[in-house]
Amino acid sequence: MHKPQPLVTFTGVQKTYDGQSLVVRDLNLEIQKGEFLSLLGPSGSGKTTTLMMLAGFESPTSGDILLDGKAITRTPPHKRNFGMVFQNYALFPHMTVADNIAYPLRVRKLASAEREAKVKRALDMVQMGPMGGRYPSQLSGGQQQRVALARALVFDPQLVLMDEPLGALDKQLREHMQIELKALHRQLGITFVYVTHDQSEALTMSDRVAVFNEGVIQQIDPVDRLYEEPVNRFVAGFVGDNTVLEGQSVGNDTLQLANGQRLRGRCMQPCPAQQSIQASIRPERIALATEVHTSNVLDATLRDVIYFGDHLRLRCTVQGQPEISVKVPLGHAGAIAEGSQVRLYLPPEHLRLYP
């Protein structure tokens, strides 16, 4: 079975602004047709620069970008036929919503009847059907964002690029829009490339996520794999909550803490014996130990119980270790007191070890 040709390929792409430091270094990335790919990372990690090179607003210092197997490295933005959505919406204030959405079609010289039909379809797509006659100043932030999205989709682009498009919205609206965008992506089957620094947003919406740090993709994987099997300490720390323990490797996928206690886990990279290593585990994977748990159990002091609505968060301390965070079901409320001793079970299959 031959692998389908990717829609976009970055090969050996580097970008520097000053000739000294590389904002993007040796980027090799394939974007598949129809996927929702998020570029995730802290500020300055190279994710936005990568998106801007794909859009054509920035040129790579070296390397090539291919679209459908043909180089587009020198093709100007308006000839790439990509939809773009930015955080600041970039709507024309003096034009109605319908005229804003029709703008890319005017530029492409479409006949007015066809233009109207496409604008109507795009408005319905983002649930703004009756709002075509309004001006941007008469809309809420969420509605303006929908108009910007409709404008990016109206000319049936083969690729839609989004740079933190929900960043300016409040939490509830942002979460609602995430679900809608995901549904829209499924319905249209267009390729979406989405830049965000919000890891829960990336996990909620994407098929795959590329995690950037210091201009390099640290890991690119489907969301469940990224969350469950971070390949290095950076990804483990950046994606999702983490409880970290420090100690020495004693070989055989085993970590020895300063107090001599040993915990078994899974080495994600070679962990030679006698080397300092870090163990990382998701707070929801840690359980309060019962008598059946004889190994991989830690004795800890419960410092604090925080009520989160749908779960309890326990903050525990073990001497000489960073604070341990544990998520437990609400059923434990009232059964455990702050200041008491607790026994924590860390399942070896969920404890990841990193050199």
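**A tour of helix packing and salt bridges**

Start by selecting Lys118: at 17% relative accessibility this residue counts as buried, because the cut-off for buried is under 20%. Keep in mind as you go that this is a predicted model.

Now add Asp156 to the selection. Lys118 and Asp156 form a salt bridge, with 2.9 Å between the closest N and O atoms. The pair links distant parts of the chain, 38 residues apart: Lys118 lies in helix 3 (residues 112-125), and Asp156 in the loop between helix 4 and strand 7 (159-163). Unlike its buried partner, Asp156 counts as partly exposed, at 37% relative accessibility.

From that loop, step back to helix 4 (residues 141-153) and show helix 2 (residues 97-107) with it. Their axes are 7 Å apart and the packing angle is about 30 degrees, which makes helix 2 roughly parallel to helix 4. The crossing is right-handed. For the contact itself, pick Val97, Asn100, Ile101 and Pro104 in helix 2, then Val147, Ala150 and Arg151 in helix 4. These contact residues comprise five nonpolar, one polar and one charged.

The structure holds 19 salt bridges, so here are two further stops. Select Glu323 and Arg315, whose side chains meet in a salt bridge at 3.1 Å, N to O. Glu323 is partly exposed at 37% relative accessibility, and Arg315 is partly exposed too, at 23%.

Finish with Asp221, Arg225, Glu229 and Arg266, joined into one network by salt bridges that share partners. Within this group, the side chains of Arg225 and Asp221 meet at 3.7 Å, N to O. Asp221 is buried at 13%, whereas Arg225 is partly exposed at 43%.

Technical notes. Residues numbered from 1 in each chain as written. Predicted model: local features only at pLDDT ≥ 70, side-chain atom pairs only at ≥ 80, totals over all residues. Heavy atoms only, no water. Axes fitted to C-alpha atoms, helices over the stretch in contact; angles between N-to-C directions. Helix = DSSP H or I, 4+ residues; strand = E, 2+ residues; numbered from the N terminus. Parallel < 35°, antiparallel > 145°, perpendicular 65-115°, else oblique. Left-handed = near helix turned anticlockwise from the far one by under 90°. Contact = heavy atoms within 4.5 Å. Nonpolar A, V, L, I, M, F, W, Y, C, P; charged D, E, K, R; others polar. Salt bridge = Lys/Arg side-chain N within 4 Å of Asp/Glu carboxyl O. Buried < 20%, exposed > 50% of the residue type's maximum accessible area, 1.4 Å probe, protein only.
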